[in-house]
Every structure is written in structure tokens, then in C-alpha cells.
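Colleague: I am new to this structure and would like a friendly tour. Could we look at it together?

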Amino acid sequence: MALVSSVTLMSSCSSDHHERRPPPRPTVTSPLGRVASVGSVPDMAPYWCDLVSRRALSQVTGVSGSLYEVRNAGIGEDLSMCAVKDEQRYGPLTVQWDVTGGQSEIAGRTKDVASDHPTRLPATLGTGFTVHSPSARLPYFTAAAFTCGSRDAWIEIFIRGVSPGRDATADLAGLMRVAQRRFGVLHHCRPAAASG
């Protein structure tokens with residue numbers, strides 16, 4: 001990923017004296033745009049789809065009530081697809097993950113959402129992004145590739161909406177933080193930023 005660096009030098013002059021200030025640090029911008037801050041979403045049991053705190057989903061989306069989980073029965077323990085459904089056609093949450101192929105999967109996803117101006121996840125969460133894609137069935141989306149032991153893992157989290165007044169980018173990053181921690185618990189490994 002090519003990074004573009006720009007440095008702006010500023011100097012301040014007055015008629016009485018010249019004040020020397022050190023130049024500001026260079027600003028590094030990636031093609032994904034700014035880096036997301038991590039929202040303060042709760043990380044507590046019980047969990048939807050093994051990875052998303054039920055309380056966090058309710059807090060972030062404002063959805064509660066009659067929810068139920070649907071899992072893809074044809075997928076093994078290394079790959080999962082799971083959704084939380086309600087009375088609407090597309091439920092408030094879908095989660096997918098795999099223990100292999102993280103870097104290539106997320107590189108492809110990044111290209112898919114480029115026109116929606118995704119925001120990079122913090123480096124501690126690996127290689128990934130958050131994005132709002134208005135034309136998608138579940139328009140709020142975060143995805144990350146990360147290592148967990150020897151695994152090149154990835155997780156994708158899609159949500160239908162965000163409660164008014166909440167920071168969707170920070171909340172999605174917070175959901176990813178919780179999901180990666182849970183992934184590590186379930187797979188007996190420690191999530192870390194993917195190398196390369």
C-alpha cells in the first residue's frame with residue numbers, strides 16, 4: 001500500500017522578532033483515509049455469533065427485542081457465517097470469519113468499497129477498514145485481517161444501522177476489537193496485527 005507523505009512547514013514572523021518553531025511532524029495519509037478511533041462498546045457475555053456482545057449490538061444499533069441467531073450449518077469450525085435476524089428482511093448483524101486467507105480477503109474487500117471512502121482501522125487491529133456503503137443491504141461494515149498464532153485470520157462485521165448521535169466509525173472499530181479478542185479466546189491464540 002503506497003503511503004503519501006506531506007510536510008507543511010510553518011514559520012511565524014512579527015515586526016518585533018522572529019520566533020523559530022520546530023516544523024510539525026509529517027502527516028501520513030493512506031488511500032483509505034484517516035485512522036478510526038476505537039469506540040467504547042461493551043465487551044461482555046452473552047455474545048451473538050460468538051464474537052459480538054449482545055449489549056454492544058443493542059447499544060450501537062438501538063435494536064433490541066425479538067432477535068434470533070442463524071448460522072450457516074454447512075461451514076466448518078475454521079470458517080463461519082452467522083446472522084442475527086428480526087422482523088425486517090435484513091437483520092441487524094451479519095458476521096463472517098475464517099482462520100486463513102486474511103490478507104488476500106481484506107485486500108479484495110478494500111477494493112470493493114474504495115468508492116465509499118473507507119477509514120483505516122488502527123494498526124493494532126491488523127489490516128482493515130470501516131465503511132458506510134449506503135447502497136449495501138447492511139450498509140455499515142468493518143473488516144480486518146490479523147494474525148492469531150500462525151493463522152492469517154479475518155473477520156467481517158456488517159450492521160444495518162447506527163443509533164442517532166453515535167460515531168459509526170468508532171463503534172465499528174470497537175466491535176472489531178471485541179470480535180478479535182473473542183476470536184482469540186475461541187481459537188486459543190493471541191490476535192495481533194498482520195505483518196505484510
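**Pocket, core and one helix**

Colleague: Which element gives the largest share of the lining of the largest pocket?

Modeller: Four residues of that lining come from one strand, and this is the largest share. A pocket here is an open set of points on a 1 Å grid over the protein atoms alone, where a 1.4 Å probe fits, with protein on both sides within 12 Å along at least five of seven lines; lining residues have an atom within 4 Å of a point. Strands (E, at least two residues) and helices (H or I, at least four) are DSSP runs numbered from the N terminus. The strand you want is β8.

Colleague: Before we go on, what kind of model is this?

Modeller: Residues are numbered from 1 along each chain as its sequence is written, and side-chain values use heavy atoms, without hydrogens or water. Local features need pLDDT of at least 70, side-chain atom pairs count only at pLDDT 80 or more, and totals for chains, interfaces and linings use all residues, as the model is predicted.

Colleague: Which residues are closest to the centre of the largest pocket?

Modeller: The pocket has a volume of about 320 Å³, taken as the space filled by probe spheres set on the points. Its lining has 18 residues, and β8, β9 and α2 (102–112) each give two or more of them. Closest to the centre are Gln96, Ala136, Arg137, Leu138 and Phe158.

Colleague: Which element gives the most to the largest nonpolar core?

Modeller: A nonpolar core joins buried Ala, Val, Leu, Ile, Met, Phe, Trp, Tyr and Cys residues through side-chain atoms within 4.5 Å. The largest one has 37 residues, and Leu93, Ile155, Ile157, Ile159 and Phe183 have the most contacts inside it. Among the elements giving two or more residues are β9 (93–98), β13 (151–159) and α3 (168–187). With eight residues, the biggest contributor is α3.

Colleague: Asp171 is in helix α3, so why does Asp171 count as buried?

Modeller: Buried means under 20% relative accessible area, with a 1.4 Å probe and protein chains only. Asp171 counts as buried because its relative accessibility is 3%.

Colleague: Which side chain does Asp171 join through a polar contact of 2.6 Å?

Modeller: A polar contact pairs N or O atoms within 3.5 Å, and within protein one must be able to donate a hydrogen and the other to accept it; residues adjacent in sequence count only if both atoms are side-chain atoms. At 2.6 Å, the partner of Asp171 is Arg166.

Colleague: What share of the chain counts as buried?

Modeller: The chain has three helices and 14 strands. Of its 196 residues, the buried share is 43%.

Methods. Buried < 20%, exposed > 50% of the residue type's maximum accessible area, 1.4 Å probe, protein only.
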